[in-house]
Amino acid sequence: TDAQIGVLAALKPWTSAPASFLWSGLADRMSAHKAIMLATFVTSTLTRVGVSLAHSFWVFVLLAVAGEFLAAPVGVMADAAVVAACKRVSLRLL
């Protein structure tokens with residue numbers, strides 16, 4: 001229904017924003033940025049594939065929220081990795 005679509009759309013930012021800070025903080029604390037980025041990417045992909053297998057709205061919501069929670073840090077961590085790599089390359093060029 002329209003209301004269910006609205007609920008799903010509203011849950012995305014409420015899930016991904018805090019999750020992004022949580023995962024990034026955990027990666028900083030553990031110094032495991034690459035491992036956490038890869039693990040969250042793979043598990044978010046699996047969770048999103050699982051959404052297609054959901055048989056009820058609440059299972060769908062649970063998997064969609066889990067997918068957003070797990071996917072949240074991937075973009076942020078990938079951007080940080082690219083910036084760090086660019087800094088290393090520019091220092092070598094100098």
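Leaving out neighbours up to four places away in sequence, valine 65 makes contact with Leu11 and Thr15. Valine 65 belongs to helix H3 and is partly exposed, its relative accessible area being 26%. From the C-alpha atom of valine 65 to that of aspartate 2 the separation is 18 Å, for two residues that stand 63 residues apart along the chain. These values, like the others in this report, refer to a predicted model.

**Overall architecture**

The chain contains 3 helices and 0 strands, and read from the N terminus its elements follow the order α-α-α. The radius of gyration is 16 Å, whereas the globule rule gives 12 Å for 94 residues; the chain is therefore more spread out than a compact globule. The C-alpha trace extends over about 60 × 25 × 20 Å along its principal axes.

Of the 94 residues, 23% count as buried. The accessible surface amounts to about 6,600 Å², and carbon and sulfur atoms hold 74% of that area. Among contacts with a separation of 6 or more, 65% join residues that are 24 or more positions apart.

**Helix H1 and the loop that follows**

Tryptophan 23 is situated in helix H1. With a relative accessible area of 17%, tryptophan 23 falls under the 20% limit and so counts as buried. Beyond the four nearest places in sequence on either side, tryptophan 23 touches Ile36, Thr40, Phe69, Leu70, Pro73 and Met77. The C-alpha atoms of tryptophan 23 and alanine 10 are 21 Å apart, with their positions 13 residues apart along the chain.

Serine 20 also has its place in helix H1. Serine 20 is buried at 14% relative accessible area, and its contacts, again without residues up to four places away in sequence, are Ala72 and Val76.

Serine 31 is located in the loop between helix H1 (2-30) and H2. What is notable about the phi of serine 31? The angle is near 50°, a positive value in a residue other than glycine. As general background, most residues other than glycine have a negative phi. Serine 31 is exposed, with 60% relative accessible area.

**Helix H2: a buried serine and a nonpolar patch**

Serine 44 lies in helix H2, which covers residues 33-51. Its relative accessibility is 4%, under the 20% limit, and serine 44 is therefore classed as buried. Apart from neighbours within four places in sequence, serine 44 is in contact with Gly67, Leu70 and Ala71. Leu70 is also one of the residues touched by tryptophan 23.

Valine 42 is likewise found in helix H2, but valine 42 is partly exposed at 45% relative accessibility. Together with Phe41 and Leu46, Val42 makes a nonpolar surface patch of about 310 Å².

**The salt bridge and the aromatic pairs**

Which residues form the salt bridge of this structure? Glutamate 68 pairs with arginine 48, and their closest N and O atoms are 3.1 Å apart. A search of the whole structure returns 1 salt bridge. Because glutamate 68 lies in helix H3 (residues 57-93) and arginine 48 in helix H2, the pair ties together parts that are 20 residues apart in sequence. The two partners fall into separate classes of accessibility: glutamate 68 is buried at 16%, while arginine 48 is partly exposed at 42%.

The search for aromatic pairs finds 2 in the whole structure. One of them joins phenylalanine 57 and tryptophan 58 in an edge-to-face arrangement, with 5.0 Å from centre to centre and 70° between the planes. Tryptophan 58 is exposed, at 63% relative accessibility.

**Accessibility of selected residues**

The table collects relative accessible areas for a selection of the residues discussed above.

| Residue | Relative accessible area | Class |
|---|---|---|
| Serine 44 | 4% | buried |
| Serine 20 | 14% | buried |
| Glutamate 68 | 16% | buried |
| Tryptophan 23 | 17% | buried |
| Valine 65 | 26% | partly exposed |
| Arginine 48 | 42% | partly exposed |
| Valine 42 | 45% | partly exposed |
| Serine 31 | 60% | exposed |
| Tryptophan 58 | 63% | exposed |

Technical notes
Residues are numbered from 1 along each chain as its sequence is written. This is a predicted model: local features need pLDDT of at least 70, side-chain atom pairs count only at pLDDT 80 or more; totals for chains, interfaces and linings use all residues. Side-chain values use heavy atoms; hydrogens and water are left out. Helices (H or I, at least four residues) and strands (E, at least two) are DSSP runs, numbered from the N terminus. Buried means under 20% relative accessible area, exposed over 50%, partly exposed in between (1.4 Å probe, protein chains only). Contact means heavy atoms within 4.5 Å. Rings of Phe, Tyr and Trp (its six-membered ring) pair if their centres lie within 6.5 Å; planes under 30 degrees apart count as stacked, over 60 as edge-to-face and the rest as tilted. A salt bridge is a side-chain nitrogen of Lys or Arg within 4 Å of a carboxyl oxygen of Asp or Glu. Patches are made of residues with over 30% relative accessible area and no salt bridge: like charges are joined within 9 Å, nonpolar side chains (Val, Leu, Ile, Met, Phe, Trp, Tyr) within 5 Å. Accessible areas come from the Shrake-Rupley method with a 1.4 Å probe; for residues, only the protein chains shown count as cover. The radius of gyration is taken over C-alpha atoms; the globule rule is 2.2 Å times the number of residues to the power 0.38.
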